[in-house]
Amino acid sequence: MANSLNIPGKFKITSPKTWFRTAIAINSATRLSRRHIYILPTRFGWLFALLLLALLTGSINYSISLGFAMTFLLAGVGAISMLHTWRNLANLKITAGRAKPVFAGENAVFEINVHEENNRARYSIFASFTAGKPDVQDITAMGESTFKLTLHSQKRGWLKAPKITFTTEFPVSLFHVWAYAETECQCLIYPTPSLHSQTLPSIDSDGATGQLSTTQGDDDFAGHRNYQFGDSPKRVDWKASSREQGLLIKQFQCEASSTLWLDFNATTGNNVELRISQLTRWVVEANKLNLKYGLRLPQLNIQPNNGDSHYHQCLTALALM
Amino acid sequence: MATQKIPNKLEPSQQAIYWLLISLSITFTLYAFNLNNWVPASFAVFAIWRYLIEKNNWPYPRLWLRLPLTIAGGVAVLASYGSLFGRDASVALLAVMIAMKLLETRTKRDFIVMVILSYFLTVNILLFTQAIWVCLAILLALFSLTACLISASYQNASNQKASNQKASYQNASYQNISLQNKQALNHTQAWKVQAKLAGKLLLQALPIMLVLFVLFPRIPGPIWGIPQDAYSGMTGLSDSMEPGNINQLSLSSKVAFRAEFKSTIPANHQLYWRGPVLWHQEGRRWTMTSNNINLPTETLETAGVATDYTITLEPHNRNWLLMLDLPKVPSTDSLPDEAAIKHDMQVLSKLPIRTRIRYEGHSFLQYTLGATLSDYERTLALQLIDDENPKTRQLATKWVNEQKSPVDIIQAALSMFRNQPFVYTLSPPLLGSEPVDDFLFNTKRGFCEHYASSFVYLMRAAGVPARIVTGYQGGEINPSGNYLIVRQSDAHAWAEVWLQDKGWTRVDPTSAVSPSRIESGIAAALLDSDLLPLLSRQDYPMLKKLTLNWDAVNNGWNQWVLGYDQNTQLALLKKILHKDIAWEDIGLILVSTMIALMLLVSYFLLRNNAAALDPVKKAYQQFLKKLSKAGVNKLAHEGAVGFGERAAKALPDQSIEIQEISALYSSIQYAKHEIINANKTAAHCKIAAHNNHKLNLLKQLVKKLKLK
């Protein structure tokens, strides 16, 4: 007891949010147990209470015994609905799902899996990040549902999913039940590609071992360009030309024949973020042109390659630099 | 509050409006019996309009249409009820406003507010009627409203999307798109789920209702004034009598009261139920003595055995408590509602009877009442307005001049009724300005009040003190419950004359005209019994039997449900707990019972039924638990097979078993999807049988798996 008297000294006034318990994920899963679930009447709940009061006073005033019975039946429905609303959210298991990487400034979409393990279908469960747009799902008995929650990303690196609020008012909207959960879900945010268009470094520039490949070949269709004098009539896309104005020429690309090094040192400026941003733009452009490119960062070298996994490897390296 | 708001502006699925329309249709059908006809008619119009809006995707009416409609509704109530207040008018106003609000009920918020208002309107029917079938109809309406509340509260992804779309394509040209979208999410399942859940909520609420109903302390009302018109529907004897009053009452088959006798039920001709005693004559009108009259209670000597009975009196908005002639009241404590006995032996409660009450009666069939008559009483009992009915007075004077004794005069009057062509009828002709003369010497057709009033008039004119007693005569024995039903159609009026040494003696002139009225009831006595209500007639024995059984059910309903009040409550608790309960103790009993009940209900509703885990998952969980003990945990994103491979590498000794279990598990889970998708029953069975076999294998393997 003596010890507990010392507590006032340590007592801090915390923000209202921390007054509520949050279900925190351990081993990537967490459960909304009864300790995490909060309940309050909604304004419809208060209106319903007013209804009961009116019916009760009416029954007393007019001495209508059956009025008492009906009032109590509705009061019973109110009380039972409180339990139903509570158990609609209780004991759900929450696990983190995937979150596809996005560029900074875009919306990151977190997938949150919610599992039902009490053999009771759950309806109209809302999940949202604080101040985010809610996603609503039903969960079948013994089944699972995936909530997709979006969050605006701002800077590169790992974006941790913030605290998630789960709410429900099902079945009768008289009570509002909510719980907070924290998952280990995180989304990789790539750096924003620079808006400033700087040409890709060429083999000649700056002595760097980058080389712009021949971009025109015969392998893959890569788009259209306007007809120029001297183009072979075989290359005119007649179908497309009939839709558009003027003649269009089909352009083809061949497999990149030579490699391009994208070097951190090749970027200029004092702002590291801007330089990363520039590199990102190059990676994106090189990938678009299907070039073979390598990435040279202060602590990391990625050997030249092309394709999707290489592309993401490079972007990941830039995001986490 | 750091909680997330749930959007209330979304449109719920179509079921919501259908549930609402169903429940309001029930409610307004019930109101059709009690409110002006235009109220339910206007509901029908708005309900059909709202239905068409939903069905054909018509636009909702704009404010310029809704506002005048609302004002018109208010004016219509004012015009037909003369006010916006008072019981009928305010209920009508609420009903009309709810009917109109249908036209602007579209979002979740609208629906929920509407349902709560409709709950109120529906329960308010009880102000008008509380019959069993009405109660059942109300329950049905409450069920439907609860289902509406559920469907309005239900929101899912497609619902949200559809209404977003609707918001962005408000223009008429795009409404088809949102219509299709709305219909797409109409699961056939939705109706079933909502109905089932609504039923569940109501059934689970039932124990709470029962406990509160029995134990909630009943405060005797009213708390505040009750509108004037609140009891307009109640019928019963009036405090005055004019020819025509009682025969009006006789047309009603409403139950006046029911009586249970402790011993055998007396013969019909002895069943005179004493109501208002009328002394004053003013023209054709007879009235009671003033309440402030300071007369000593008439002396009463009784003989023979007392008859004990219990009466359940229907509310009639008057003060009299009917008793069998003649009640002996040992002390006023045995009477309900601070009732008192008046000097002329009528029992009056302090306040008008506005709820059904039960009270004990203690009467003697043989008695002598008022052995002596004071001068004041004699004056009162001989009072007549001068210069009226000269022929009648002439007849009376003739009898007096013949030196007849009072008993002879009575006999002379009765034999006049008996021997002259007097007719007992429900439809007597109208009487002229000298009503007694007109009746006795001209029309000779009348109902009991004609005979009683003209007889008393004759007696008084002949100097014999007399008064009129009104009440009920007879009653119908219900063999299903062994009690007596007395209806308004049994209303009766008779006379009491004061005789030396005998006191006030009952004389029923009607029995002289129509003995069968007194011997076997009104239906036997009347030639024109077609005018009587169906239930008071003697034809249709089957119907009669059915109605008697139904009345027995009703009697139980009245006593245990409708008549459940403070007294019944205390008596019941005394019976259960075997000791006297103070009114204040009920609160304590209520709170403790409610806590116990809520704990019990919560336990059943909130326990985690983990046992419900399906056997496949259960076996797999066991497997995971074993691996977890060995230090290998399954990650959330890992599939069963992927995890199996990883675990096999980590635990090479058991790698074969681990991989086998993982493969089995995933193949069973996969086959489950196939079962759901399989349409042909043969294929379905085959897969299911195969799966069962696999499940057994899985269970065995998991059981045998031993890890370090």
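Q: How many bridges join strand 7 of chain A to strand 11 of chain A?
A: This is a predicted model, so take what follows as read off that prediction. Strand 7 and strand 11 of chain A run antiparallel. One facing pair is A:Ser128 opposite A:Thr165 in strand 11. The number of bridges joining strand 7 to strand 11 of chain A is four.

Q: Which residue of strand 12 of chain A is the bridge partner of A:Thr165?
A: Strand 11 of chain A also pairs with strand 12 of chain A, in the antiparallel sense and over five bridges. A:Thr165 stands opposite A:Ser128. In strand 12, the bridge partner of A:Thr165 is A:Tyr180.

Q: Which residue takes a positive phi in the hairpin of strand 11 and strand 12 of chain A?
A: That hairpin has six residues between its strands. The phi in question is near 65°. The residue that takes it is A:Ser173.

Q: Is strand 11 of chain A mostly covered or mostly open, and how many of its residues are buried?
A: Look at the two faces of the strand: A:Ile164, A:Phe166 and A:Thr168 are buried on one side. On the other side, A:Thr165 and A:Thr167 are buried too. Strand 11 of chain A is mostly covered, and its buried count is five of five.

Q: Which element of chain A gives the largest share of the side that touches chain B?
A: The contact takes 62 residues from chain A and 61 residues from chain B. On the chain A side, the elements giving two or more residues include helix 3 (43-62), helix 4 (65-89), strand 7 (122-129) and strand 11 (164-168). The largest share is 19 residues, and the element that gives it is helix 4 of chain A.

Q: How many nonpolar residues does the side of chain A that touches chain B have?
A: Split that side by class and you get 21 polar and five charged residues. The nonpolar count is 36.

Q: How many residues of the largest nonpolar core come from helix 4 of chain A?
A: That core has 128 residues, and A:Leu32, A:Phe72, A:Ile112, B:Ala95 and B:Cys148 touch the most other members. Leaving out residues up to four places away in sequence, A:Leu32 touches A:Ile37, A:Leu89 and A:Phe166, among others. Helix 4 gives the largest share of the core, and its count is 13.

Q: How many residues are in the second, separate core?
A: Its members include B:Leu278, B:Trp286, B:Ile311 and B:Trp320. The number of residues in this second core is 74.

Q: What arc do the buried residues of helix 22 of chain B cover around the axis?
A: Helix 22 (residues 615-629) has 15 residues and reaches 21 Å from its first C-alpha to its last, close to the 21 Å expected. Its buried residues are B:Ala619, B:Tyr620, B:Phe623 and B:Leu627. They sit on the same side of the helix because their arc is only 95°.

Q: Which exposed residues does the face of helix 22 of chain B turned away from its buried side carry?
A: Past the helix comes B:Gly631, with a positive phi near 95°. The face turned away from the buried side carries B:Lys625 and B:Lys629.

Q: Why is one side of strand 6 and of strand 8 of chain B left without a neighbour in the sheet?
A: Three strands of chain B form an open antiparallel sheet in the order 6-9-8. Strand 8 pairs with strand 9 over two bridges, and B:Ile341 stands opposite B:Val347 there. Strand 6 (320-321) and strand 8 (340-341) stand at the edges, so each has a single partner strand.

Technical notes. Residues are numbered from 1 along each chain as its sequence is written. Chains are lettered from A and ligands numbered from 1 in the order in which they are written. This is a predicted model: local features need pLDDT of at least 70, side-chain atom pairs count only at pLDDT 80 or more; totals for chains, interfaces and linings use all residues. Two strands pair if DSSP finds at least two bridges between them. The expected span of a helix is 1.5 Å times one less than its number of residues. A residue is buried if 20 or more other C-beta atoms lie within 10 Å of its own, exposed if 12 or fewer, and partly exposed in between; C-beta atoms are placed from the backbone. The arc is that of the directions from the helix axis to the C-beta atoms. Two residues are in contact if their C-beta atoms, placed from the backbone, lie within 7 Å. Ala, Val, Leu, Ile, Met, Phe, Trp, Tyr, Cys and Pro count as nonpolar, Asp, Glu, Lys and Arg as charged, and the others, Gly among them, as polar. A nonpolar core is a set of buried Ala, Val, Leu, Ile, Met, Phe, Trp, Tyr and Cys residues joined through C-beta atoms within 7 Å.
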